[in-house]
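Please give me a short briefing on this structure. I am a first-year student, so keep the sentences short and group the points by topic.

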Amino acid sequence: MSAATTSPGRAGLPARMVRGIAAAPAAPVYLVLVILFLISWVAVGIVGSGQFLTVQNVTSILVRSVALGVVAAGQTIVIIAGSLDLSVAYLVSVTAVMASFIMQGEADRMVLATGVVLFIGVVVGLVNGLIITKLRVNAFIATLGVGLILRGILNASFNNFAGRVPPEYQALGYDGLGPIPYSVVLLVVVVAATWYLLRYTRFGHHLYAVGGSQEVSRLSGVRSDRVVITAHILCSVAAVLTGIFLVSRLRAGAPWVGTDGAYDLESIAAVVLGGTALAGGKGGVLGTLAGVLILAVLDNAFNGLQINAFAKDVIRGVILIAAVALYVARARRAPAR
Amino acid sequence: MSGLTPAAAPQVGQPVTATSGGARLWRSLGGSASILVILVVVLAIVGLLNPRGPEPVYYLSLLKRAAPLAILAAGQLFVLVAGEFDLSVGSIVTAVVVGSAVLTNGDESRTLPVVGLLLAFGIVVGLVNGLLTTKAGVPSFIVTLGMLLIISGGVLLWTAGAPRGSITNNLRLLGRDGLKNVPVIDQLPYAAIVILVVGLAAFVLLHRTNFGHRVFAVGGNARAAALAGANVAVVKTAAFVVSGVSAIIAGILLAGFGGLSNNAGEGYEFQAISACVLGGAVLGGGRGSVVTSIAGALTLVAIFTMLNFLHLPVEVRSAVQGGIIIAAVAYASYRQRTG
């Protein structure tokens with residue numbers, strides 16, 4: 001561990017990223033991911049359709065990961081800061097509906113629609129952050145409340161598909177750079193940016209400090225309120241990006257897009273599955289990415305094996321609890337007591 | 001006590017002891033009795049909005065509808081005061097509604113065994129939640145979120161997505177019916193009696209027993225409580241069991257008037273937490289009161305009713321719920337800072 005931290009700089013970015021993964025508390029998550037992938041490959045090959053390790057299927061796993069992955073990257077930031085965001089699912093819905101409603105199928109309104117939803121995201125994040133830091137409302141209640149408010153406004157204004165997404169906008173959801181879909185590029189860019197932010201910027205280090213102990217970091221000269229507010233703005237923007245991706249896959253936005261995906265609880269589950277501590281101050285976005293991929297591989301394997309879709313939730317619940325129990329057990333064993 | 005009998009306190013100290021008696025009552029309510037004032041105001045508004053005026057019958061039917069949430073809030077409070085969350089209660093309620101229909105299938109002789117089975121189920125879920133939280137060290141948010149997925153997925157799996165069967169009439173009585181020929185109010189809903197009995201039991205357990213004091217101690221500062229001799233794991237696990245059992249009772253009440261569906265209990269976990277928070281419970285533990293949490297639940301349902309009368313779309317409910325829980329917690333933390 002100390003070897004990894006004392007000799008940075010020389011190695012190239014990919015090598016550093018690999019070392020980052022190995023040193024991350026989430027290293028076992030990648031092991032679990034690989035094992036799960038192999039098991040699924042074999043199982044689907046023998047029992048199921050036999051279509052697992054095909055370009056098409058792997059691409060499908062990745063595309064499935066984009067929506068959850070992007071919002072989970074944002075969720076990672078707030079959780080590291082010791083907060084959490086239960087409003088993201090409704091913000092995803094708001095984004096999908098508003099973007100589609102503004103565009104009304106007109107390609108020349110794409111920029112306007114994207115700008116408006118990003119602005120909404122910044123405002124929602126700012127409101128979440130201000131309620132938590134200035135009114136001193138527990139993040140659970142603050143973001144639950146803001147989520148409920150968004151839901152009320154949304155459901156009172158729209159009750160069905162609204163507007164239309166122009167074909168040009170659907171490119172994000174369906175086209176790509178050669179074999180690589182744009183959506184996967186979006187996921188990689190968001191995760192890489194978050195990783196860089198957490199690891200190499202002053203803001204990133206402040207996030208860990210605030211998440212570790214808000215009081216200590218404040219006394220050490222970190223403006224903890226600003227850090228938490230910024231974290232919430234970034235998280236909300238990530239949710240907006242997920243909403244934009246989802247609406248580009250649909251022909252029109254509907255108010256149930258975000259809640260159907262349960263992006264609030266699923267994103268928290270993915271973050272925690274990736275080894276980030278719910279209490280804050282510990283973790284990283286690469287673990288979250290692995291958590292998201294684990295959920296997607298499971299999904300895909302279930303489809304390939306034609307297992308009852310209802311069993312999916314049960315297994316997800318078991319894996320979630322078991323994984324976190326494992327991390328806790330490891331963490332208890334590791335340090336000298 | 002002496003403050004209540006003027007003869008025993010004839011001197012200057014009399015008003016002082018009187019206020020200390022009041023203060024003691026205030027404290028036993030959890031110190032955040034403003035929710036009681038809000039409840040009375042909301043109930044008065046509901047009465048005025050009712051086209052037939054403030055009839056007692058109407059309030060009793062409101063009590064009937066609020067009963068499942070009130071019971072859930074009383075149970076959730078134990079977990080919140082102990083410093084944890086229980087997100088699994090909504091799925092337990094669903095399991096009870098669906099389970100009681102499928103297992104009894106309208107056969108009244110099966111009602112009692114099924115109720116016993118369901119109670120055992122609630123206890124087991126609470127035990128598992130508690131042990132995973134305390135022994136495996138998994139945050140309760142994750143444990144109970146995982147449990148929510150497992151139970152709601154399990155219900156879907158069990159019923160293949162479409163629950164069949166019917167809830168027996170004698171099981172439905174508890175949530176739907178009441179004592180007949182009661183003077184003044186005509187009919188006293190069993191649900192009201194259940195709230196009273198469960199509420200009283202929860203009140204005594206949390207505010208008047210050693211166990212209850214330990215729940216507060218553990219939630220206030222687990223390490224200090226452990227050093228003082230409390231078994232943190234046992235206390236927290238017991239709190240989860242109380243919450244699990246309360247979810248079963250709430251489910252049985254809901255089965256009385258709610259429809260049979262796979263999402264009967266959805267969202268109840270957040271409403272129950274909201275109710276406790278309205279009643280002054282603090283997330284993170286150490287603070288809360290049974291009486292004001294139940295009042296919080298009644299207020300929430302009364303506000304929903306008020307919105308109905310104002311002909312606002314049903315969707316506005318959630319926005320109002322969101323606004324008031326933020327306001328309530330912001331007010332509480334403001335009060336705490338300013339002394």
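This is a predicted model. In chain A the pLDDT averages 86, and 92% of the residues score at least 70. Residues 1-8 of chain A fall below a pLDDT of 50. That stretch has four contacts in the model beyond near neighbours in sequence.

**Chain B overall**

- Chain B has 14 helices and two strands.
- Of its 339 residues, 49% are buried.
- Take the contacts in chain B with a separation of 6 or more: 77% of them join residues 24 or more positions apart.

**Where chain B meets chain A**

- Chain B puts 36 residues into the contact, and chain A puts in 38 residues.
- On the chain B side, the elements giving two or more residues are α6 (140-159), α12 and α14 of chain B.
- Helix α6(B) supplies the largest share of that side, with 13 residues.
- Sorted by class, the chain B side holds 23 nonpolar, 11 polar and two charged residues.

**Helix α14 of chain B**

- This helix covers residues 316-338 of chain B, which is 23 residues.
- From first C-alpha to last, α14(B) reaches 33 Å. The expected value, at 1.5 Å a residue, is also 33 Å.
- Many residues of α14(B) are buried, among them B:Arg317, B:Ser318, B:Gln321, B:Gly322, B:Ile325 and B:Val329.
- B:Ile324, B:Ile326, B:Ala328 and B:Ala332 are also on the buried list.
- Why can places three or four apart in a helix share a direction? An α-helix has 3.6 residues a turn, so residues at that spacing point the same way.
- What do the buried residues of α14(B) pack against? In chain A, they meet α6 (110-133) and α7 (139-157). In chain B, they meet α12 (268-278) and α13 (290-309).

**A helix pair in chain A**

- Helix α14 (residues 263-273) and helix α15 (residues 285-305) of chain A pack at an angle of about 115°. Their axes are 7 Å apart.
- The crossing of α14(A) and α15(A) is right-handed.
- From α14(A), the contact uses A:Ala270, A:Val271 and A:Leu273.
- From α15(A), the contact uses A:Thr288, A:Gly291, A:Val292, A:Ile294 and A:Leu295.
- Six of these contact residues are nonpolar, two are polar and none is charged.

Key: Residues numbered from 1 in each chain as written. Chains lettered and ligands numbered in written order. Predicted model: local features only at pLDDT ≥ 70, side-chain atom pairs only at ≥ 80, totals over all residues. Helix = DSSP H or I, 4+ residues; strand = E, 2+ residues; numbered from the N terminus. Expected span 1.5 Å × (residues − 1). Buried ≥ 20, exposed ≤ 12 C-beta atoms within 10 Å, placed from the backbone. Contact = placed C-beta atoms within 7 Å. Axes fitted to C-alpha atoms, helices over the stretch in contact; angles between N-to-C directions. Left-handed = near helix turned anticlockwise from the far one by under 90°. Nonpolar A, V, L, I, M, F, W, Y, C, P; charged D, E, K, R; others polar. pLDDT = per-residue confidence, 0-100.
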